[in-house]
Amino acid sequence: MRKLVRAGVAVAVLAAAGFAWAVNPPPAAAEPECLWISNDYNRDGRTDVAIGAPGATSAAGAVEVKVSEGDATHTYRVTPPDGRAGDQFGAAVAEVAATEGDLDQERCSQLVVGAPGRDVAGRADAGAIYVYAFIQNQGFALVSSYTLDSPGVPGTAQANARFGAALAAPFHADDIGPVQTPLYVGAPGYTVGTAKGAGAFLRLTFTTDDDQAVDTGSIVTQDSAGVPGAAEAGDALGSALAATPYGVVAGTPGEDLGSANNAGSVLYWHTDPAAETIGVNQNTAGIPGAVEAGDQFGSALYDIQEGREDTGNGELLVGIPRENVGRAVDAGMVTLIPVVGGSFQPGRAIGYTQNTQGVAGTAEAYDHLGATVGSYGPYRPLAGVPGEDVGTVADAGMVEALDQSRAWTENTAGQPGRAENGDRFGAVIGNALVPYVGVEDWYLGSLLVGVPGEDGARGAVAHGLVGPGSQHPEEWKAQQPHDGDRYGSALGKYD
């Protein structure tokens, strides 16, 4: 049933301390380990990187995957089967596993691609997801595709549901033998009852059978039992997702709080049905800032796990890109919420703006700090500022290290590229490597920064940020670039 999708191949040699990283991969004679590291599609002990270009081919979309093979990197281009204008294939990417381990290693690390603009049975923008396995010496083969009308997938395909607009899966390195990891899928335009665009997210696991199917599926809305709030038009639950060892954190940036429209909120949903679903917003005691119309709290999420251990401890980063800072409209803010044992600790939360001591720059209108969030190394939070002006260059973009008075633009010495109008450097942040104990600055070399507005929105990706131990950052561009591709709009990363 596996159908090989069209794949172009390009070769590039990258620095050993950068993309082509490995930590003593298992010896060839050993029993197969289902995942030595995550996002390792060809199972060679090195991280591979998926890059979305949802605007390619009249927004049918495409994904390029840089697969490490020995000392070289082969780039495979994956396009949607029966692609149609507006599918937006590549708007989101993730990785999931469903394998018996020693029986089907191809399923250890599967690529998942969201196409939220896909029409389903005449329902515009209902959305779809596609699952691919890497076949040695061939490329990425389609394993299966799913919509809200697929067997085992709960819910109903609806116009404008945008199923696949956000994807998240838990970090799952070092699992040995059989493994089945969940995939979380956002459908932020989903209609609940009469509430259009209330939104939903789904939790899916896939069978380990030869013919893959959904093994378990659940759908969560704000009308689900035990979920705080109520499903209301335009809430957009599932716009952003961050997987955790206990479940998933989901953003509801369109949530109205009192008379404050689109103030936004975040839900922490646990897999354990006995666990309480926790809701947090800027009315929650201890959360910095105040509820205001249009803030869109929860537009971006990232879960920093403590050493990537399955402890449930870490820090959640919440992006609030439309937060007003003083008179600076939509300057943006990021809130860091400690997580202990799978529970938020709002009383210890920290808020960051560009007027916060230790944060570089100055809060200015439409900077949109927090449009994306991420980290380098343990407890080193990052935020994208895609609307940042660099000198007189409008919306050139920047990436901030939130606690170190440190920032990068395309004009930073040693950083490839050049700040240009509308580049939006920092619109997306991805993480190419599994954290390990070592020199934290070394992680800068593994970071991925999307620049979707580069060169007439052809797009680009910065691989690495300048810093000690980061080697030499590179700029990646699409194999077949065209205006409007928005290459770099989605990047493989760990939650």
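Two strands count as paired when DSSP finds at least two bridges between them. Please keep in mind that the model shown here is predicted.

**Figure 1. The whole protein, before the close-ups.** Two helices and 33 strands make up the secondary structure of the protein. The chain has 495 residues, and 59% of them count as buried. If you consider contacts between residues at least 6 apart in sequence, 59% of these join residues at least 24 apart. The accessible surface of the protein is about 17,300 Å², and carbon and sulfur atoms account for 48% of that surface.

**Figure 2. Strand β18 and its two partners, β17 and β19.** Start with β18, which covers residues 265-270: six of its six residues are buried, so the strand is largely enclosed by the rest of the structure. Its side chains are split between two directions, with Ser 265, Leu 267 and Trp 269 pointing one way and Val 266, Tyr 268 and His 270 the other. Both sets are buried. Strand β17 (residues 247-252) runs antiparallel to β18, and six bridges link the two. To find your way along this pair, look for Ala 250, whose bridge partner in β18 is Leu 267. Strand β19 (residues 278-280) is also antiparallel to β18, joined to it by three bridges. Here Tyr 268 is the residue to look for, as it stands opposite Ile 278 of β19.

**Figure 3. The largest nonpolar core, with Leu 148 as one of its well-connected members.** This core has 32 residues, and those touching the most other members are Ile 129, Leu 148, Phe 163, Leu 183 and Phe 206. At least two core residues come from each of the strands β6 (92-96), β9 (128-135), β10 (139-146), β13 (183-187) and β14 (200-206). The greatest contribution is that of β14, which gives four residues. Zooming in on Leu 148, and setting aside neighbours within four places in sequence, you will find it in contact with Val 153, Pro 154, Gly 155, Thr 156, Ala 157, Ala 161, Phe 163, Tyr 190 and Leu 202. A separate core of 19 residues lies apart from this one, and its members include Val 78, Phe 89, Leu 142 and Ala 490.

**Figure 4. A four-stranded open sheet that contains β13 and β14.** Reading across the sheet, the order is β11-β13-β14-β15, and the pairing is antiparallel. At the edges are β11 (166-168) and β15 (214-220), each of which pairs on one side only. From one strand to the next, the twist averages 20 degrees. Six bridges connect the antiparallel strands β14 and β15. One landmark in this pair is Leu 202, whose bridge partner in β15 is Ile 219. You have already met Leu 202 among the contacts of Leu 148.

**Figure 5. Another open sheet of four strands, from β25 to β28.** The strand order is β25-β26-β27-β28, again with antiparallel pairing. The edge strands β25 (373-375) and β28 (406-408) have a single partner strand each, so one side of each is left without a neighbour in the sheet. Twist in this sheet averages 25 degrees from one strand to the next. Three bridges hold the antiparallel pair formed by β27 (residues 398-401) and β28. Within that pair, Glu 400 has Ala 407 of β28 as its bridge partner.

**Figure 6. Two buried loop residues, Thr 181 and Gln 415.** Thr 181 sits in the loop between β12 (179-180) and β13. Its relative accessible area is 5%, so Thr 181 is buried. A polar atom of the Thr 181 side chain lies 2.9 Å from the backbone nitrogen of Ala 97. Gln 415 belongs to the loop between β28 and β29 (428-431). With 6% relative accessibility, Gln 415 counts as buried. Its contacts beyond four places in sequence are Trp 408, Thr 409, Glu 410, Ala 462, Gly 464, Leu 465, Val 466 and Pro 473.

**Figure 7. Gly 351 in strand β24.** The strand itself covers residues 350-352. Gly 351 is partly exposed, at 22% relative accessible area. Ile 287 is 64 residues away along the chain, yet its C-alpha atom is 7.8 Å from that of Gly 351. Not counting residues up to four places away in sequence, Gly 351 touches Pro 288, Met 333, Val 334, Thr 335 and Thr 356.

Technical notes. Residues are numbered from 1 along each chain as its sequence is written. This is a predicted model: local features need pLDDT of at least 70, side-chain atom pairs count only at pLDDT 80 or more; totals for chains, interfaces and linings use all residues. Side-chain values use heavy atoms; hydrogens and water are left out. A nonpolar core is a set of buried Ala, Val, Leu, Ile, Met, Phe, Trp, Tyr and Cys residues joined through side-chain atoms within 4.5 Å. Buried means under 20% relative accessible area, exposed over 50%, partly exposed in between (1.4 Å probe, protein chains only). Contact means heavy atoms within 4.5 Å. Axes are lines fitted to C-alpha atoms, for helices over the stretch in contact, and angles run from 0 to 180 degrees between N-to-C directions. Accessible areas come from the Shrake-Rupley method with a 1.4 Å probe; for residues, only the protein chains shown count as cover. A polar contact is a pair of N or O atoms within 3.5 Å; within protein, one must be able to donate a hydrogen and the other to accept it, and residues adjacent in sequence count only if both atoms are side-chain atoms.
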